[in-house]
Amino acid sequence: MSAMRPYRRYPATWRWTLVSLLILAIAVAAAFPLVWMVLSSLKTPSESMQVPPVWWPGSPNLNAYAEVADVVNLGRSFINSAFIALVTTSAIVVTSLMAGYAFAKYRFKGRDWLFALLIATMFLPPIVTLIPLYRLTGYLGLNASLLGVVVPNLANAFGIFLMRQYIKGVPDDLIDAARVDGASEFMILFKIVAPSVLPAIAALTLFAFVYHWNSYLWPLTVLQGNTDQYPIVISLSRLLSYNRGAMNTGLVMAGATLAVLPPVILFVFLQRFFVDSIVATGVKG
Amino acid sequence: MTGSQTRSTIGMLAPATGLIAIFVLVPMVLTIGLSFTQWSTQTGFETAAFVGLANFFDLLGSSSIGRDFRAAFGNTAIYTLLSVALILPLSVMLGLLVHQTFAPGGILLRTVLFSTYMVPMIAVALVWSKLYSPTEGPINQMLGWIGIPPQTWLSSPRTALVSIVILNVWQQVGYFTVLAVAGLTQIPRSLYEAALVDGASAWMQFWKITLPLLRNTLLFSAVIAVINAVQVFEPVALITQGGPVNSTNVMTYHIRRVGIERAQGGLGSAMAVTLMLSLIVVIVLLFTLLRDRGEQK
């Protein structure tokens, strides 16, 4: 990473202090909503309703977390979310590796045309296809079930694009050598190509997991009010309507904190891969 | 190509291409087809009755269908414009702070900004609805400390849409900051060294080197920001339900309400087609305005 060009107008220490303080202030402001969320989840109901608001819980407690588990079927919602996120993510990684490999290393008629068509779908807002898709999954008997959430999301253009970008960098010699040894194309893909693009697989895993853990519009539409199958984000939204009368902010914040944890924890540990893949797809693309 | 090569090409492409064809391309074609029909979403496609351009005339007409649609369209346009106008400059400013290395904290800032991007929009909406609360919310409290009177935020038609823009910018700016940093790392250092020799100030360097060379990054960011902006749904569905007084009724929310909840599939499809055409126009315009036409040295 290149250093910022040194320019001399203020003494270096003065500038150092100014920039450090600015960064700190922005980081604090950006983190504030999440900190507020966690703090509020630890407050008592009366503290949450005080005017002006109390910032620090007087006697931090986890009552809201116990209560939120009673109000919505929290365990079930978490399992549903995990099912949705894990099934879509694993499928996306496999289908993207396969198609990305074909687009990166095979030569066939219409390749660039097909690739462009697939990439164009990346820019399509989901609402544009929502209405017929809802009918289509109805025909397939998938509505009101978790399968309906999952099946239309087992492949996506972003994954193919990301994989193609990385697989292009795998040396052809490596692949040809394996072919001479008589390895099948699937063997080559999963034994040779996949291990050399692990950072891309990590990045795609995280992107897909976070996207599908968080997704709301499609599950809300396809599940048709079948509350047993709701992922955590939809159960959370029901919490707000439950909460509206009671004004029990702590409950909502406890639920929100729990829903935020899986994607944020995943990110904090693996953020390097996110950043690298954004560079790969955003700039080189 | 030999037969086995053809077979492996098809084998590798079939799963992803097939799935995308069935669940994205076919629905896309259906949306266009259905936009010329009257069709209830609760019934099979075969019940769709061809009505020509009637749905589109309704969208342009003076009935409540047209008025509501145009309001939603206008709200989405304002929302998109504000989002892009806030996100692009912020992403460059924050990108510079993350990219610089003479003061500490760049990576910390990136981590904080990007973690907000991981937070489910539903949680963002819930938290901000409390932050914005006119009486129990900390935002008005903090404004009070510096002498600014309490704001209405989500509860007034004048401020609700802007309030949703702000929470969305907060959630998304980390992603665009990382894009900006990626663009900044591509700028050759030698350009700045040469500028320094010529005695150019930091201000001059920013306008003459950094910004022009970020052009492609900013174009990409603008396109993504526009596409993200028309998808805003959760805060509206969860907190405002399009109100107060329709001030936050945006396209994704409106199309879903008409096409799914009211089951007016033909009309909803016509709205979706209009949205898609408008997006294409905006993206083409962005490319024409921002693309590097090679007039730079």
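User: Let's start with contact range. In chain B, what share of contacts between residues at least 6 apart in sequence join residues at least 24 apart?

Analyst: This is a predicted model, and in its chain B the share is 67%. As for what carries those contacts, chain B has 13 helices and two strands, and its C-alpha trace spans about 75 × 70 × 35 Å along the principal axes. Of the 297 residues in chain B, 46% are buried.

User: Now helix pairs. How are two packed helices described?

Analyst: You give the angle between the axes and the distance between the axes. Take α12(B), residues 251-261, and α13(B), residues 265-290: their axes come within 7 Å and cross at roughly 160°. Angles over 145 degrees count as roughly antiparallel, so that is how α12(B) and α13(B) run relative to each other. Their crossing is left-handed.

User: Which residues of α12(B) and α13(B) make that contact?

Analyst: From α12(B), you have B:Met251, B:His254, B:Ile255, B:Val258 and B:Gly259. On the α13(B) side, the residues include B:Leu267, B:Gly268, B:Met271, B:Ala272 and B:Leu275. By class, the contact of α12(B) with α13(B) has seven nonpolar residues, five polar and no charged.

User: Is there a general idea behind the spacing of residues along a helix, and what is it?

Analyst: An α-helix has 3.6 residues a turn, so residues three or four places apart point the same way. For a helix to look at, try α10(B), residues 215-229: its buried residues include B:Leu218, B:Ser221, B:Ala222, B:Ala225 and B:Ala229. The 15 residues of α10(B) reach 21 Å from first C-alpha to last, close to the 21 Å expected at 1.5 Å a residue.

User: On to the partner chain. How many residues of chain B are in contact with chain A?

Analyst: 83 residues of chain B touch 81 of chain A. Helix α1 of chain B, residues 3-34, supplies the largest share of chain B's side, 17 residues. That side divides into 53 nonpolar, 24 polar and six charged residues.

User: And at what angle do α6(A) and α12(B) pack?

Analyst: About 20°, with the axes of α6(A) and α12(B) 10 Å apart. Angles under 35 degrees count as roughly parallel, so α6(A) and α12(B) fit that description. The crossing here is right-handed. A:Ile127, A:Leu130, A:Ile131 and A:Tyr134 meet residues of α12(B), among them B:Met251, B:Ile255, B:Arg256 and B:Gly259. The contact of α6(A) with α12(B) counts seven nonpolar, two polar and one charged residues.

How values were computed: Residues are numbered from 1 along each chain as its sequence is written. Chains are lettered from A and ligands numbered from 1 in the order in which they are written. This is a predicted model: local features need pLDDT of at least 70, side-chain atom pairs count only at pLDDT 80 or more; totals for chains, interfaces and linings use all residues. Helices (H or I, at least four residues) and strands (E, at least two) are DSSP runs, numbered from the N terminus. A residue is buried if 20 or more other C-beta atoms lie within 10 Å of its own, exposed if 12 or fewer, and partly exposed in between; C-beta atoms are placed from the backbone. Two residues are in contact if their C-beta atoms, placed from the backbone, lie within 7 Å. Axes are lines fitted to C-alpha atoms, for helices over the stretch in contact, and angles run from 0 to 180 degrees between N-to-C directions. Angles under 35 degrees count as roughly parallel, over 145 as roughly antiparallel, 65 to 115 as roughly perpendicular and the rest as oblique. A crossing is left-handed if the near helix is turned anticlockwise from the far one by less than a right angle, and right-handed if clockwise. Ala, Val, Leu, Ile, Met, Phe, Trp, Tyr, Cys and Pro count as nonpolar, Asp, Glu, Lys and Arg as charged, and the others, Gly among them, as polar. The expected span of a helix is 1.5 Å times one less than its number of residues.
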